[in-house]
Amino acid sequence: MVRFAQFGAGRIGVMHARNIAQNTRASLRRIVDINATAAGQVAAATGAKVSSRDEALGDPDVDAVLICSATPTHVDLILAAVAAGKPVLCEKPIDLDYARAKDCVTRLKGAKVPVMLGFNRRFDPHNAGVHAAVVAGQVGAVEQVMVVSRDSGLAPMAYLKESGGIFRDMIIHDFDICRWLLGEEPVTVAAQGSVLVSDELKTIGDFDNAIVTLRTASGKLAVITASRRASYGYDQRMEVHGSEGMVQNANVQETLAQVWRTDGNRGTPLMNFFIERYDAAYRIELDHFIDVVEGKGPPSVGAIDGLRALALAEAADASARNGGAPTAVADL
Ligand SMILES: NC(=O)c1ccc[n+]([C@@H]2O[C@H](COP(=O)([O-])OP(=O)(O)OC[C@H]3O[C@@H](n4cnc5c(N)ncnc54)[C@H](O)[C@@H]3O)[C@@H](O)[C@H]2O)c1
């Protein structure tokens, strides 16, 4: 039984706490949040104790830490948990500031406990199926990757203002997916950003639409098409084209039911947003982390992956602000 302390009882914290409580190999022992009401609600739902940071990290009966508090808290909490000898699963991103994230990863070198990063999309069974086909060589040598990533609706302005922008906050997941599917690090990024959904985005210097192209040293190409709003639901698709074939996945709908009539056919809506669409992914991610804590192997996605995805976001942001000029990715 892996006994958890969790930092953060917000939007995604409620879901992680539920997943820990429902997992037969885990329990939630302590919940920490500066919002006492939020912490109290998670405690009431799971049996965890509302705790301070020091109580959580100093508890010898806490075996592992899950960090899903606000992004600016991640670096300090990762380093403090590792210093306390607790394995860490931390939500993306490590930090919005590249230099700070890089310093964190440097300081983690030689750490005695594992640190895993929550790039949950890698654990989605449909995405994992695409990756497994690529790794098994079923499409031959990878030449192109295509990712479509459209949120179902614009997040509140209060969230967007603090988010770090579309590349660091949202497309960071897609950068990770492209690295994962390409099997080779992109070295150049070119991005176009645009404001088509809400003029309010202009007031904070952000974009709500973006198209990014990535190029690896050997010439493999990837393209990400992203939007903060899709009128028809959460649009999440990917495709890999190689020398011997192509693999793709489709969107996940609420059910597979299709109504057929003389004027065509109609299915049920797409999953509403990430909590619904990636429900299984978050549970499988947690299971993988429990395996890691139990010593069954290293995390399949670590802090270095968070830093590499952030380097791509930095390059994309710079490119989009410079008319789409190809921009070199920082050498780690
Ligand atoms: N992997 C994903 O799909 C995914 C999805 C959403 C959010 N996230 C990430 O998860 C994190 C949380 O996002 P959210 O949407 O739940 O935000 P949120 O604002 O709903 O929740 C954040 C919580 O952190 C708490 N908090 C702030 N400072 C704290 C501190 N020092 N100690 C303990 N708690 C503190 C806040 O009170 C709040 O309850 C962010 O880093 C975000 O990028 C990841």
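Colleague: How far apart do the centres of the positive and negative side chains lie in the protein?

Modeller: This is a predicted model, and the answer is computed from its atoms. The protein has 34 positive side chains and 39 negative ones. The centres of these two sets are separated by 1 Å.

Colleague: How many salt bridges does a search of the whole structure find?

Modeller: A salt bridge is counted where a side-chain nitrogen of Lys or Arg comes within 4 Å of a carboxyl oxygen of Asp or Glu. Over the whole structure, the number found is 33.

Colleague: Which residue meets Arg3 in a salt bridge, with 2.9 Å from N to O?

Modeller: The N to O distance of 2.9 Å belongs to a pair formed by the side chains of Arg3 and Asp63. The pair links distant parts of the chain, with Arg3 in strand E1 (residues 2–7) and its partner in the loop between helix H3 (53–58) and strand E4 (64–67), 60 residues apart. Arg3 has a relative accessible area of 30% and is partly exposed, and the partner, at 22%, is partly exposed too. The partner is Asp63.

Colleague: Which residues are linked with Arg3 in a network of salt bridges?

Modeller: The network includes the arginines Arg3, Arg29 and Arg30. On the acidic side it has Asp59, Asp61 and Asp63. Linked with Arg3 are therefore Arg29, Arg30, Asp59, Asp61 and Asp63.

Colleague: How many residues apart are Arg25 and Asp291?

Modeller: The side chains of Arg25 and Asp291 form a salt bridge at 3.0 Å, N to O. Arg25 sits in the loop between helix H1 (11–22) and strand E2 (26–32), and Asp291 in helix H12 (residues 279–293), so the bridge links distant parts of the chain. Arg25 is partly exposed at 23% relative accessibility, as is Asp291 at 26%. Their separation along the chain is 266 residues.

Colleague: Why are Asp103 and Arg107 separated by about one helical turn?

Modeller: The closest N and O atoms of this salt bridge are 3.4 Å apart. Asp103 is partly exposed at 38% relative accessibility, while Arg107 is exposed at 56%. The separation is about one helical turn because both residues belong to helix H5 (residues 98–107) and their spacing in it is 4 residues.

Colleague: Is Gly13 buried or exposed?

Modeller: Gly13 has its place in helix H1. Not counting residues up to four places away in sequence, Gly13 touches Gln6, Gly8 and Cys68. Its relative accessibility is 0%, and under 20% counts as buried, so Gly13 is buried.

Colleague: Which residues does Phe289 touch, not counting those up to four places away in sequence?

Modeller: Phe289 lies in helix H12 and is buried, at 0% relative accessibility. Its C-alpha is 6.8 Å from that of Pro299, 10 residues away in sequence. Beyond its sequence neighbours, Phe289 touches Phe4, Ala64, Val65, Pro87, Val88, Leu89 and Met116.

Colleague: How far apart in space are Arg215 and Glu184, C-alpha to C-alpha?

Modeller: Arg215 lies in strand E9 (residues 209–216) and is partly exposed, at 44% relative accessibility. Leaving aside neighbours within four places in sequence, its contacts are Pro186, Val187, Thr188, Lys220 and Leu221. Glu184 is 31 residues away in sequence, and the C-alpha distance is 9.5 Å.

Colleague: Which peptide bond is cis, with omega near -15°?

Modeller: The proline of this bond, Pro93, lies in the loop between strand E5 (88–91) and H5. The cis bond runs from Lys92 to Pro93.

Colleague: What radius of gyration does the protein have?

Modeller: The C-alpha atoms fill a box of roughly 55 × 50 × 45 Å along the principal axes. For 332 residues, a compact globule would have a radius of gyration near 20 Å, and the value for the protein agrees with this: 20 Å.

Colleague: What share of the 332 residues is buried?

Modeller: The protein has 13 helices and 15 strands. Among contacts with a separation of 6 or more, 71% are between residues 24 or more positions apart. The accessible surface is about 14,700 Å², with 53% of it belonging to carbon and sulfur atoms. Buried residues make up 52%.

Terms used. Residues numbered from 1 in each chain as written. Predicted model: local features only at pLDDT ≥ 70, side-chain atom pairs only at ≥ 80, totals over all residues. Heavy atoms only, no water. Helix = DSSP H or I, 4+ residues; strand = E, 2+ residues; numbered from the N terminus. Rg over C-alpha atoms; globule rule 2.2 N^0.38 Å. Buried < 20%, exposed > 50% of the residue type's maximum accessible area, 1.4 Å probe, protein only. Contact = heavy atoms within 4.5 Å. Areas by Shrake-Rupley, 256 points an atom, 1.4 Å probe, with all protein chains shown as cover. Lys, Arg positive; Asp, Glu negative; His and termini not counted. Charge placed at Lys NZ, Arg CZ, Asp CG, Glu CD.
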